[in-house]
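Colleague: I would like a close look at one part of this chain, rather than a quick tour of the whole. Could you choose a single turn, and then work outwards from it to whatever surrounds it?

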Amino acid sequence: MSGESCLHQLQPQTGPIVSVSSVACPKTNTCTYRGVTGNKYVQLNVGGNLHYSTLQVLTRQDTLLRSMFSGKKEVLTDKEGWILIDRCGKHFGLILSYLRDGFVTLPKSRQSIMELLAEAKYYLIQGLIDLCQEALQDNEEKALCVIPFITSPKEEERLIQGCVRPVVKLLYNRGNNKYSYTSNSDDNLLKNIELFEKLSLSYSGRVLFIKDVIGDEICCWSFYGQKRKLAEVCCTSIVYATEKKQIKVEFPEARIYEETLNALLYETLPVPDNSLLEATRRRNNCCSHSEEEEAVELRERVRRIHIKRYSTYDDRPLGH
């Protein structure tokens, strides 16, 4: 878009444009504003973003903009009369909104709030600085998910017995091995940890996820409902290769999803009946599937049962 077309689109319907040549400095493209007040419009070019505002808004608060448009500081203009401000114009619209209304709805992302804070500091807008800093502090205090680390058996018992939600525990202690690991064991250990973090982010408000790094196993999942143990999935076994023992770590993704679903059935009272539990149990006499196919099938089963369950209880959407 050319500068001429931009000017045409941004031309206000009412109010005269302020001439910036009122007190021009010789042989330069700078000027100062003196004695011009009221609802006079000013053309602003902030980092290539074009804005209109009034002197009344720009000088309303004690900021750098008031100094610029009250004659205390010189301002740079182009040949078409636009006031040039060498800053990023991405958030300048929010700057003007705050000056106009005394409040503004902040961006949702933390990065955008930090960018706006930097601009507010440059223009010396203290109220907007405080607003951004409070929002950033609130974001820090709202953790996505808090996962306790067990440091003693008593602490584990206290967490499980004191929690009204289902509990999923991952015991992870790579140093417990007496033998060497098989070639795929390290990768599978990482996959178990990644799945634990994925589940904890998805169900943090409904399930208590805890990590155990002092237990006797190497990699083991435990599932609790209504303060009692429902199931356990041990991911390690001893295998014999070349006349020596090795530790094999597996990643039974489908089984972990299955038991997590079973634990979720204990989220509300009364205790789920056996038919619901049986509907989610793996049947040993079923046709064999690969682990990947079985995991996909169970994910879809989880989705369907969740939708059915919430339509029966309180119609909450999946994942809330």
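Modeller: What follows starts from one hairpin and then moves outwards to its surroundings.

Please keep in mind throughout that this is a predicted model. The chain has 320 residues, 42% of them buried, and contains 11 helices and 14 strands. Among its contacts with a separation of 6 or more, 65% are between residues 24 or more positions apart. The accessible surface amounts to about 18600 Å², and carbon and sulfur atoms hold 50% of that area.

The part I would choose is the hairpin made by E11 and E12, which has two residues between its strands. Strand E11 covers residues 219–225 and strand E12 covers residues 228–234; they run antiparallel and are joined by six bridges. One of the bridge pairs is Gly-225 with Arg-228, the latter in E12. In general, strands of a sheet pair through backbone hydrogen bonds, either parallel or antiparallel.

The turn itself deserves attention at Gln-226, which is found in the loop between E11 and E12. Its phi is near 50°, a positive value in a residue other than glycine. As a general matter, most residues other than glycine have a negative phi. Gln-226 counts as partly exposed because its relative accessibility is 28%, a value that falls between the limits of 20% for buried and 50% for exposed.

Moving outwards, the hairpin belongs to an open sheet of five strands with mixed pairing, in the order E7-E10-E8-E11-E12. E12 is one of its edge strands and E7 (149–150) is the other, each pairing on one side only. At the E7 edge, two bridges join E7 to strand E10, residues 208–212, and these two strands run parallel. There, Phe-149 has Lys-211 of E10 as its bridge partner. Helix H8, residues 185–203, packs on this sheet and touches E8 (167–172), E10 and E11, its direction making about 150° with that of E10.

H8 also leads to another sheet, since the helix lies across E9 and E14 as well, where it runs at about 25° to E14. This other sheet is open and mixed, with three strands in the order E9-E14-E13. Its edge strands are E9 (180–181) and E13 (236–241), each of which pairs on one side only. E13 and E14, the latter covering residues 244–249, run antiparallel and are joined by six bridges, with Tyr-240 standing opposite Lys-245 of E14.

A further residue to examine beside the hairpin is Ala-263, in helix H9, residues 253–264. Ala-263 counts as buried because its relative accessibility is 0%. Apart from neighbours within four places in sequence, Ala-263 is in contact with Pro-166, Tyr-224 and Leu-230. Ala-263 and Val-207 are 56 residues apart in sequence, yet 8.5 Å apart in space, C-alpha to C-alpha.

For the surroundings beyond this part, the nonpolar cores are a useful guide. The largest holds 32 residues, and Leu-44, Leu-65, Phe-69, Ile-95, Leu-106, Tyr-123 and Leu-128 touch the most other members. The elements that give two or more residues to this core are E3 (41–46), H2 (55–58), H3 (64–68), E6 (83–85), H4 (92–101), H5 (110–122) and H6 (126–141). H6 gives the largest share, six residues. A second, separate core has 24 residues and includes Leu-199, Val-207, Ala-231 and Phe-251.

Among the helices that contribute to the largest core, H4 has Phe-92, Ile-95, Leu-96, Tyr-98 and Leu-99 buried. These residues lie on the same side of H4 because they cover an arc of only 160° around the axis. In an α-helix there are 3.6 residues a turn, so residues three or four places apart point the same way. Just after H4, Gly-102 takes a positive phi of about 80°. Leu-124, in the loop between H5 and H6, has a phi near 60°, which is again a positive value in a residue other than glycine.

Terms used
Residues are numbered from 1 along each chain as its sequence is written. This is a predicted model: local features need pLDDT of at least 70, side-chain atom pairs count only at pLDDT 80 or more; totals for chains, interfaces and linings use all residues. Side-chain values use heavy atoms; hydrogens and water are left out. Two strands pair if DSSP finds at least two bridges between them. Helices (H or I, at least four residues) and strands (E, at least two) are DSSP runs, numbered from the N terminus. Contact means heavy atoms within 4.5 Å. Axes are lines fitted to C-alpha atoms, for helices over the stretch in contact, and angles run from 0 to 180 degrees between N-to-C directions. A nonpolar core is a set of buried Ala, Val, Leu, Ile, Met, Phe, Trp, Tyr and Cys residues joined through side-chain atoms within 4.5 Å. Buried means under 20% relative accessible area, exposed over 50%, partly exposed in between (1.4 Å probe, protein chains only). Accessible areas come from the Shrake-Rupley method with a 1.4 Å probe; for residues, only the protein chains shown count as cover. The arc is that of the directions from the helix axis to the C-beta atoms.
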